[in-house]
Every structure is written in C-alpha cells, then in structure tokens.
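Let's take a look at the pockets in this protein, and then at its cysteines. Keep the 3D view open while you read.

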Amino acid sequence: MAAADTKKRLVDVTYRIMKESGFENLKAREIAKEAGCTATVIYKYFEDLNYLITLASFKFLENYIRETGEISGDADDGVALNKKAWRLFIQYAFQNPPIYENLFWGRGKAIYEDAVIEYFKLYSGELSKESTAYHYITMFNSDIGERELLWLRRGVNKGCLEMEDALYISRVNQMIVRAMLLEHMEDYKEPGVAERAVRECIYLVEKTIDTFLKK
C-alpha cells in the first residue's frame, strides 16, 4: 500500500504541475520538491520521467474515458459509434492538444499501453463495472487507427463499407486529427480557436467516412 500511495502522490503532483505549466520542460527535481521528497524517490518508483509524465497525462483524460464508456454501450451500428467516438475524442483533444498529441502520437505512445494498465491499477475506480468490452479494448490501445477499425469492422460486417475502404479511413482520419492538433498547438487557448478547430476537424473526419459508405 505504501508504494501505491507514494506513486499516486507523485502522479497527482505531476498532474497539478502539468495543468499549470505544461510538461515540455518539466524536471524531476521540480516534482520532487512539490511532493516533499528527493528526485531519487521518483526513479525508485518509475522507470523514467517520461513514464511518470505519461501516467499523469491520463488524469487529463478522465472525462473522456468515462464518456467513451457511456457511448460504447449504445446499440447503434459501428459507423455511427465510430462517428460518436471521433466527436468525443476531437472535442477533448482540442482542450489540450499537447497532452493528446504526446499520448497518441508522440513520446507517450511507445509506453501508452504499459502506463494505462498501471494507471487503472492505481486509480481502479476509473473503469466502471458497466464498461463494455469495446471500451476496454479501445482504452488500452494507443493506436487511434486500430481503435477506429474496431468500429468500422462492424460496418463492414453489416455491408456498409468495404474492408479496403475501412482501412483507408482509419489511416487518413488519424492523420487529419493529428495534423490539426499540431496546427493549433500554440493557439488553442485563444478565444474561439478550439471551437472552430473542433467543428472543422469533425467535418473532415465525417466527410472521409461518408465518402465511402455504400448508398
């Protein structure tokens, strides 16, 4: 218990610092000072600073994770669910582009799956008992394209899409979203910027999907 409590305290402190000043220039000694320990303690419990930052990043995703669980239980077809999943991801991603870009495409992606498992062990209440298998599969997968393909395969099985087109969509849509996140990495906090970017990004993603739907 002591080790888990120490880890959670360090994750919580890291999250608070990241909320205030980002993570790009975050140093272990800054976290240690805020947590009332030495930097040695951080490296005792975590592989490196990037791993701790990745763990803390999941705290920015708490509402996104919860709402994804809610839509995963819907009875809609796979294509409709995919659109809902993208709308949710895009809306939250543009609230904090640096965090989402890092987790799903940047340095955090390589350790995402190990980190998310540990995160849910430390914060076991974040996944409800009602969460569906699709929710678990998507949350524990760092590859956005593979996530989308889970939904689109259901569309393929229903005859709404060709598999070749589903593969194309899952490749292109993640490129659209990442490109727009990178475009607004610096100005997303300016009034109206995030809202406009969300609308445009959702339009482009859904246009890509709709272009290949069988009429």
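The largest pocket in this predicted model holds about 240 Å³ of space. It is lined by 15 residues, and those closest to its centre are Met18, Gly22, Asn96, Tyr188 and Lys189. Try finding these five on your screen to get your bearings.

Which helix gives the most to this lining? That's H1, with four residues. Helix H1 covers residues 2-21, and helix H7 (97-104) also supplies at least two residues of the lining.

Now for the second largest pocket, which has a volume of about 180 Å³. On its wall you'll find a run of names from Lys59 through Phe60, Leu61 and Glu62 to Asn63, along with Tyr15, Tyr92, Gln95, Asn96 and Tyr100. Notice that Asn96 turns up here, and also among the residues closest to the centre of the largest pocket.

Here's how the two linings divide by class:

| Pocket | Nonpolar | Polar | Charged |
|---|---|---|---|
| Largest pocket | seven residues | four residues | four residues |
| Second largest pocket | five residues | three residues | two residues |

Finally, the cysteines. How many disulfides are there? The count comes to zero, taking a disulfide as a pair of cysteine sulfur atoms within 2.5 Å.

Is Cys201 buried or exposed? Cys201 is buried, because its relative accessible area is 0% and buried means under 20%. Cys160 has a relative accessible area of 25%, so it counts as partly exposed, a label for values between 20% and 50%.

Conventions:
Residues numbered from 1 in each chain as written. Predicted model: local features only at pLDDT ≥ 70, side-chain atom pairs only at ≥ 80, totals over all residues. Heavy atoms only, no water. 1 Å grid on protein atoms, 1.4 Å probe; cavity = no way out; pocket = protein on both sides within 12 Å on 5 of 7 lines; lining within 4 Å. Points joined across faces, edges and corners; volume = space filled by probe spheres on them. Nonpolar A, V, L, I, M, F, W, Y, C, P; charged D, E, K, R; others polar. Buried < 20%, exposed > 50% of the residue type's maximum accessible area, 1.4 Å probe, protein only.
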